[in-house]
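Trainee: I would like to learn how to read helix packing and sheet layout from a model. Could we work through one case together?

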Amino acid sequence: MGRRAPAQRDARLSAHLAGSLTEFTAPPVNDVFIALGTTIKTAGSRAAFRAVDFDAVLAIARAGRIAGATRLGLVSAMGADAHSAVFYTRVKGEAEEALSLLGFSTLVVVRPSFLAGERESLGQPPRAGEKIALGLSRMLSGVIPANYQSISADRVARTLVEEVAVRQGHHVILSGEMQHR
């Protein structure tokens, strides 16, 4: 499910477009993977950020659960904590807590650090500050703890798919644990 069709085609993928990410019906599914998120700058306000990173995430998970999904994989963020003083990490933590109450037999949450990967083909604007941070992260990888080093979006996605397939219960996988897969 998404707001736009994926750029890549695959016979195993069936794309269902939703005009709204909070009001839709999901097709029958076994697993739900949520990699939805924005930035406060892109969203334009804290309320708009929360509408995506909490409300829409929860709506997608609920729709998937109603459609038969028993397993859920979520891309969250390092530092996610429902009690954080930092708004961004607090919303991410609140979303994780809310998802844990939906009754999925498997909930795997991955918490990557800076995501490295090509964003322009996804229609996302270039982020100069993020590009600088990624470059510094790579140069200083020998001294930065593994949880705070940049990580490729591909590695995060692979980890999430692999772990959802084999885990039962609620699991959180930190960025450092994904670095050497």
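Trainee: In which hand does helix 2 cross helix 3?

Mentor: This is a predicted model. In it, the crossing of helix 2 over helix 3 is right-handed.

Trainee: How is a packed pair of helices described?

Mentor: Two quantities describe such a pair: the angle between the axes and the distance between them. Here helix 2, residues 46–66, and helix 3, residues 87–100, meet at about 15°, and their axes lie 10 Å apart. Angles under 35 degrees count as roughly parallel, so helix 2 is roughly parallel to helix 3.

Trainee: Which residues of helix 2 and helix 3 make the contact?

Mentor: Helix 2 contributes R46, F49, R50, D53, F54, V57, L58 and A61. From helix 3 come F87, Y88, V91, K92, E94, A95, A98 and L99. By class, the residues of this contact are 11 nonpolar and five charged, with no polar ones.

Trainee: Now the sheet. In what order do the strands run, and is the pairing parallel or antiparallel?

Mentor: The sheet is open and has four strands, ordered 1-2-3-6, with parallel pairing. Strand 1 (31–34) and strand 6 (169–174) each have a single partner strand, so they are the edges, and one side of each has no neighbour in the sheet. From one strand to the next, the twist averages 10°.

Trainee: How many bridges join strand 3 and strand 6?

Mentor: Six bridges join strand 3, residues 106–111, to strand 6 in the parallel sense. To find one of them, start at T106, whose bridge partner in strand 6 is G169.

Trainee: Which strands do helix 2 and helix 3 touch?

Mentor: Helix 2 packs on the sheet against strand 1 and strand 2 (71–75), and its direction makes about 170° with that of strand 1. Helix 3 also packs on the sheet, touching strand 2, strand 3 and strand 6. The direction of helix 3 makes about 170° with that of strand 3.

Trainee: Let us end with a single residue. Is G93 buried or exposed?

Mentor: The cut-off for buried is under 20% relative accessible area. G93 has 4% relative accessibility, so it counts as buried. G93 sits in helix 3.

Trainee: Which residues does G93 touch, leaving out those up to four places away in sequence?

Mentor: With that exclusion, G93 touches A80, D81 and A82. As for M78, it is 15 residues from G93 in sequence, and the C-alpha to C-alpha distance between the two is 9.8 Å.

Key:
Residues numbered from 1 in each chain as written. Predicted model: local features only at pLDDT ≥ 70, side-chain atom pairs only at ≥ 80, totals over all residues. Heavy atoms only, no water. Axes fitted to C-alpha atoms, helices over the stretch in contact; angles between N-to-C directions. Helix = DSSP H or I, 4+ residues; strand = E, 2+ residues; numbered from the N terminus. Parallel < 35°, antiparallel > 145°, perpendicular 65-115°, else oblique. Left-handed = near helix turned anticlockwise from the far one by under 90°. Contact = heavy atoms within 4.5 Å. Nonpolar A, V, L, I, M, F, W, Y, C, P; charged D, E, K, R; others polar. Pairing = 2+ DSSP bridges. Buried < 20%, exposed > 50% of the residue type's maximum accessible area, 1.4 Å probe, protein only.
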